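Colleague: I would like a close look at one part of this model. Please take me through how one helix packs against its neighbours.

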Amino acid sequence: MTVQECYEKINGNYQGVIARLMTEERVKKFAMMFLKDTSCEKLQESLAAQDYAEAFRAAHTLKGICQNLDFTGLQEPANTLTELLRDLEEKQPSDEEAKRVQALMEQVRTQYEITVSAIQEL
Amino acid sequence: MINREEHKQTILIVDDSMMNRSILADILEDYEILEGSNGEEGIEMLEKYGEKIDMVLLDIVMPVMDGFEVLGTMNRHHWIENIPVIMISAEDDPTLVAKAYELGVTDYISRPFDSLVVRRRVVNALTLYEKQKKLIDMVVEQIHEKEESNGVMVMVLSHIVEFRNGESGLHVIHIKLMTELLLECLMRKTDQYKLTHSDIQLISTASALHDIGKISIPEEVINKPGRLTNDEFEIMKTHSAIGAAMLKDLLEHHNEPLIKVAYEICRWHHERYNGRGYPDGLEGEEIPISAQVVSLADVYDALTSERVYKKAFSHEKAVDMILNGECGVFNPLLLECLLEVQDQLKKGMGDSAMGHSSDQQDVRNMVQNLLHQ
């Protein structure tokens with residue numbers, strides 16, 4: 001699979017990333033590195049432990065990486081989750097908020113798996 | 001500028017995401033790269049490498065210690081003044097951007113960043129800082145040169161006075177050396193006088209001018225073999241006020257610290273701590289510390305030098321006489337200093353007598369030639 005096909009599959013912005021990072025070689029190199037990134041696991045574990053401060057930082061990191069690589073499909077739910085967690089840092093979420101966090105985490109997880117499996121085919 | 005062969009510039013990247021660090025390192029591949037995965041590691045790097053680090057790229061949201069805390073620490077240690085910081089963050093909240101600038105960052109780059117923009121801004125900031133460093137170095141060098149040539153001129157001038165007085169020129173060298181030793185000791189002992197190293201340099205340089213007023217004392221009084229009569233002594237005593245008056249005219253047009261200190265020393269280097277000196281009978285701390293130190297040095301050197309009417313006393317005898325109050329009363333703190341620096345003093349005086357200090361030897365030869373032409 002080409003880098004461009006991969007970006008189509010994961011709903012990424014291929015034109016954008018090439019414009020910013022200049023070469024397809026560099027984009028591919030960092031897309032491959034994404035496979036080793038642990039921020040999504042960390043996010044999930046922190047949420048399970050109800051450590052919202054740590055979860056916020058992990059979501060923030062994940063979002064930043066997605067921005068750098070123009071993984072738009074993953075960046076959008078990661079971004080929404082980051083902003084929701086930012087407000088929860090100092091307090092315990094209400095039931096409703098907890099449900100929203102849960103739902104967003106599932107979206108992130110689904111999109112994360114799509115992204116990882118596409119990159120593995122590069 | 002970027003790729004100076006002899007020295008690659010070093011950039012510290014502090015970001016909790018290994019991927020982000022790698023992307024930045026990749027974009028900046030022609031620089032030496034250091035990495036920290038949170039604020040604490042960043043600070044450790046700064047402590048370890050100091051100003052070998054030419055720039056910091058800093059993330060905001062990080063575990064353990066965030067970017068703002070790093071900036072706070074860099075401000076407390078004044079590192080931020082010499083090391084440019086570029087913030088790179090996904091945060092685009094204007095209040096956070098404003099806060100970063102307030103804490104002294106040079107630039108703020110939002111994620112997702114463009115590799116060309118990152119490179120360009122890094123190069124620009126490094127170039128600016130390098131220019132600034134060069135300018136600072138140039139100014140420091142010029143000040144140094146100015147001080148040095150000031151010192152030479154003062155030496156020439158004071159030697160002219162010395163030779164007219166029939167002295168060897170060693171007297172001013174001794175006074176300068178002793179003034180420096182006493183002041184350095186005093187600075188270690190107390191912060192009462194708020195002395196800095198540059199104050200000490202200034203006072204030592206100015207000390208050589210303490211007797212310039214003697215230029216207007218008649219030759220037959222100055223060079224009289226044997227003791228002076230009371231009348232002659234009264235004439236001799238005017239030299240401190242005359243020297244000060246010469247400088248006071250200068251001060252009206254040139255408010256130079258060197259002239260100001262020289263004025264104090266000229267006027268008051270014969271005052272005594274108990275108010276029994278001349279010309280103004282100032283008492284205790286009314287006498288500027290510059291003049292207090294030079295008067296002690298002047299007395300010591302007069303005692304340990306040979307005069308037409310007396311032999312040179314030994315160092316030990318001179319110190320005894322001063323401590324016994326035979327030459328008037330001095331600041332007790334300065335007497336403590338005299339005892340503390342006496343070994344260095346004995347050694348320094350011996351060295352200068354043998355002409356070890358080559359700069360001063362040159363000046364002495366020059367003046368001697370001038371006077372003999």
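Modeller: Here is a walk around one helix of chain B, followed by two other places in that chain.

This is a predicted model: local features need pLDDT of at least 70, side-chain atom pairs count only at pLDDT 80 or more, and totals for chains, interfaces and linings use all residues. Residues are numbered from 1 along each chain as its sequence is written, and chains are lettered from A and ligands numbered from 1 in the order in which they are written.

Start with helix α6 of chain B, residues 170-189. Helices (H or I, at least four residues) and strands (E, at least two) are DSSP runs, numbered from the N terminus.

Take α11(B) as the first partner, residues 289-304. The two helices pack at an angle of about 130°, with axes 9 Å apart. Axes are lines fitted to C-alpha atoms, for helices over the stretch in contact, and angles run from 0 to 180 degrees between N-to-C directions. The pair is therefore oblique. Angles under 35 degrees count as roughly parallel, over 145 as roughly antiparallel, 65 to 115 as roughly perpendicular and the rest as oblique. The crossing is right-handed; that is, the near helix is turned clockwise from the far one by less than a right angle.

Which residues of α6(B) meet α11(B)? They are B:H171, B:H174, B:I175, B:M178, B:T179, B:L182 and B:L183. Their partners in α11(B) include B:V293, B:L296 and B:Y300. Contact means C-beta atoms, placed from the backbone, within 7 Å. This contact divides into 9 nonpolar, 3 polar and 2 charged residues. Ala, Val, Leu, Ile, Met, Phe, Trp, Tyr, Cys and Pro count as nonpolar, Asp, Glu, Lys and Arg as charged, and the others, Gly among them, as polar.

Now turn to α7(B), residues 197-207. Here α6(B) packs at about 155°, with axes 8 Å apart. That makes α6(B) roughly antiparallel to α7(B). This crossing is right-handed. On the α7(B) side are B:I200, B:I203, B:S204 and B:S207. Facing them in α6(B) are residues including B:K176, B:E180 and B:M187. By class, the contact has 5 nonpolar, 3 polar and 3 charged residues.

Next, a loop. B:D92 sits between β4 (85-89) and α4 (94-102) of chain B. B:D92 has 10 C-beta neighbours inside 10 Å, so B:D92 counts as exposed (12 or fewer).

Last, the contact between chains. Chain B gives 15 residues and chain A gives 18 residues. Helix α1 of chain B (residues 18-27) gives the most on the chain B side, with 5 residues.

Notes: Contact = placed C-beta atoms within 7 Å. Buried ≥ 20, exposed ≤ 12 C-beta atoms within 10 Å, placed from the backbone.
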